Amino acid sequence: MESPYVIIIGTGIMLIMAMFIVLFVMYYQRKQIEQQMRVKDMEAEFQRKLLEVSMASTEAERRRIAQDLHDDIGALLSVTKLTFNALYGQLGSKDQAERLAKQVREALDETISHVRRISRELVPTTLERFGLPAALQEFAAKSISSHTVRITFGYSGDENIRLEPKVELMLYRVAQELINNALKHSGGTNVHVQLSLPPETFGLVVEDNGHGFNLQEAHTRPSPGLGLDSIEGRLRVINGKINYETGPQKGCRAVVELRQLVLYEKAKKRDVEKAQ
Amino acid sequence: MLERFIAITADFSIIIPFIYLLFKGKIPLTISDKLIYVYIVLTLIRNIASFVTMMLGVYNIYLYNWYNLLSFGIIAALYFQILNNLYFKMLVIAALILLIAIAFIDYRTLLNVRTTEFNRFSFNASGCFTILFILFFLYELIRKLQVKKLTEYPLFWFSSGALLYYSGTIFPYIFIQYTFNNLANRDLYWIIDAVLSIVLSVFLCFSIRHMKHQKTV
């Protein structure tokens with residue numbers, strides 16, 4: 001060995017290589033993780049879009065059926081009723097004919113009111129016309145008439161401020177599902193729906209005094225379950241989230257929140273900008 | 001004077017990660033964390049023993065020769081349990097057996113407490129094998145991407161420090177007959193080992209800083 005510099009230079013080269021390897025691993029790993037995150041985000045976004053399209057098509061189908069029921073079958077039934085009324089006027093006073101005619105007229109009235117109800121339930125026209133508080137109030141009132149459970153509804157904030165129609169519809173469906181769950185499964189005697197509207201922060205709370213449930217079990221329960229996946233799916237589409245405060249014999253309090261609140265006017269403006 | 005200061009600093013630098021670990025209190029250590037801990041304790045024992053024997057004027061080279069074998073055993077166990085590749089595990093076992101065989105070629109340096117020579121082959125072999133294990137481990141890290149933040153992974157810090165130490169010292173060890181086994185040149189090359197020991201201690205501190213339950217690769 002002639003010169004110690006050979007060893008020192010060799011050591012230096014080895015150290016530089018080692019440092020390069022460590023730095024390369026750190027850099028490469030970070031890049032790979034970032035890419036993995038991007039792919040995951042894209043997948044989540046794709047799933048969200050898919051869910052949105054699927055729900056939009058369901059709503060469109062509901063709207064079409066409601067339209068058909070209202071315009072075709074409803075109109076036909078009304079015409080039939082009018083025709084029958086005209087016929088009834090010419091029946092004379094034979095008792096049996098009169099009794100049968102009365103029965104037919106009652107059946108027609110009932111069918112017409114059923115068609116109207118189904119049509120209204122398929123597309124919440126109150127929601128479209130008057131907004132979320134009015135629609136939820138109407139839904140709660142209707143639910144009281146068909147159940148022995150006491151339902152109360154309250155709201156705070158400005159009822160004239162409207163959210164994006166898509167958001168309002170999703171929130172309405174979520175509230176429907178939560179109220180139905182409370183009525184069908186909670187076993188409680190009271191259900192309270194509370195809505196906080198803008199300009200305060202948005203929040204929807206549905207709570208009952210029933211026997212509650214085990215959240216983990218409810219998520220793994222096979223269909224037909226509590227529709228929790230459907231609720232979460234709808235909320236994912238509108239950037240919302242739900243928290244359940246529940247447990248066996250503790251009742252249930254479901255709190256819905258929106259991560260981002262887009263008011264109707266702003267949404268319209270955004271859509272116009274997008275179109276331009 | 002400076003060389004002596006660096007050498008003493010290097011000997012006692014291992015106390016810092018040791019004390020740091022004691023200060024961390026009771027944390028649920030994983031197997032790899034425990035092995036790093038054992039490595040630190042073993043290095044500390046070697047450094048204290050060599051310092052005391054040096055002060056007493058007693059031969060202590062055989063301590064380094066045995067330490068090299070034992071520390072390699074700990075490193076082999078560390079990478080053996082952290083990596084799930086069967087071929088790699090076989091390689092680790094083969095490397096360990098081979099190293100013991102290689103070390104005993106120069107058996108006098110291990111059995112004679114008055115030896116003045118470093119084991120001619122085991123330092124090279126253990127350095128090469130350790131670098132190989134570390135490179136394989138780093139490759140698996142970037143291949144499997146199971147660790148989200150490398151800078152918060154204790155084994156990454158340990159591996160980086162060990163890679164720097166063994167890469168830096170392997171060259172002087174290749175020429176061990178000329179560098180460390182030659183008393184005239186020993187001080188010249190000892191400083192490389194000392195500086196890299198300090199660097200390793202710093203990396204060990206970072207490793208301890210992030211010790212908690214971690215997933216294996």
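1. Start with the greasy spot on the outside: A:Y5, A:I8, A:I9, A:I13 and A:M17 together make a nonpolar surface patch of about 520 Å². Bear in mind as you look that this is a predicted model. A:M17 sits in helix α1 of chain A, which covers residues 5-89. Is A:M17 buried, partly exposed or exposed? Its relative accessibility is 46%, so A:M17 counts as partly exposed, because that class runs between the 20% limit for buried and the 50% limit for exposed.

2. Now the overall make-up. Chain A has 8 helices and 5 strands. Reading from the N terminus, the order of elements is α-α-α-α-β-α-β-β-α-α-β-β-α. Chain A has 276 residues, and 34% of them count as buried. Chain A exposes about 17,300 Å², with carbon and sulfur atoms supplying 56% of that area. As for contacts within chain A between residues at least 6 apart in sequence, 68% join residues at least 24 apart.

3. Next, the sheet. In what order do the strands of chain A line up? The order is β1-β2-β3-β5-β4, in an open sheet of 5 strands with mixed pairing. At the edges you'll find β1 (150-156) and β4 (240-246) of chain A, each pairing on one side only. From one strand to the next, the twist averages 10°.

4. Two of the strand pairs show what "mixed" looks like here. β1(A) and β2(A) run in the parallel sense, paired over 7 bridges. If you want a spot to check, A:R150 has A:N190 in β2(A) as its bridge partner. Strands β3 (residues 203-208) and β5 (residues 252-258) of chain A, on the other hand, pair in the antiparallel sense over 5 bridges. There, the bridge partner of A:L204 in β5(A) is A:V256.

5. Which residues of β2(A) are on its covered face, and which are on the uncovered one? The covered face has A:V191, A:V193 and A:L195. The uncovered face has A:N190, A:H192, A:Q194 and A:S196. You've met A:N190 already, as the bridge partner of A:R150.

6. What lies across the sheet? Helix α5 (residues 165-185) of chain A lies across β1, β2 (190-196), β3, β4 and β5 of chain A. Its direction is at about 175° to β5(A). Helix α7 (residues 228-237) of chain A lies across β4 and β5, running at about 145° to β4(A).

7. Stay with α7(A) for a moment. Which of its residues are buried? They are A:L228, A:I231, A:G233, A:R234, A:L235 and A:V237. After the helix comes A:N239, which has a positive phi, near 60°.

8. On to charges. Side chains of opposite charge can pair when their charged atoms come close. Over all chains, a search of the whole structure turns up 20 salt bridges. One of interest is in helix α1 of chain A: the side chains of A:K49 and A:E45 meet at 3.2 Å, N to O. Both residues lie in that helix, 4 residues apart, about one turn. An α-helix has 3.6 residues a turn, so residues three or four places apart point the same way. A:K49 is partly exposed, at 43% relative accessible area, and A:E45 is also partly exposed, at 34%.

9. That pair belongs to something wider. Which residues are linked in a network of salt bridges? A:E45, A:R48, A:K49, A:E52 and A:K166 are. When you turn the model, look for A:E45 and A:K49 in helix α1 of chain A.

10. Helix α4 (residues 132-146) of chain A offers another pair, A:E138 and A:K142, which are 4 residues apart and so separated by about one helical turn. The closest N and O atoms in the salt bridge between A:E138 and A:K142 are 3.8 Å apart. A:E138 is partly exposed, with a relative accessible area of 30%, and A:K142 is partly exposed too, at 30%.

11. Finally, a glance at chain B. B:E152 forms a salt bridge with B:K149, with the closest N and O atoms 3.9 Å apart. B:E152 is partly exposed, with a relative accessible area of 32%.

Notes: Residues are numbered from 1 along each chain as its sequence is written. Chains are lettered from A and ligands numbered from 1 in the order in which they are written. This is a predicted model: local features need pLDDT of at least 70, side-chain atom pairs count only at pLDDT 80 or more; totals for chains, interfaces and linings use all residues. Side-chain values use heavy atoms; hydrogens and water are left out. Two strands pair if DSSP finds at least two bridges between them. Axes are lines fitted to C-alpha atoms, for helices over the stretch in contact, and angles run from 0 to 180 degrees between N-to-C directions. Contact means heavy atoms within 4.5 Å. Patches are made of residues with over 30% relative accessible area and no salt bridge: like charges are joined within 9 Å, nonpolar side chains (Val, Leu, Ile, Met, Phe, Trp, Tyr) within 5 Å. Accessible areas come from the Shrake-Rupley method with a 1.4 Å probe; for residues, only the protein chains shown count as cover. A salt bridge is a side-chain nitrogen of Lys or Arg within 4 Å of a carboxyl oxygen of Asp or Glu. Buried means under 20% relative accessible area, exposed over 50%, partly exposed in between (1.4 Å probe, protein chains only).
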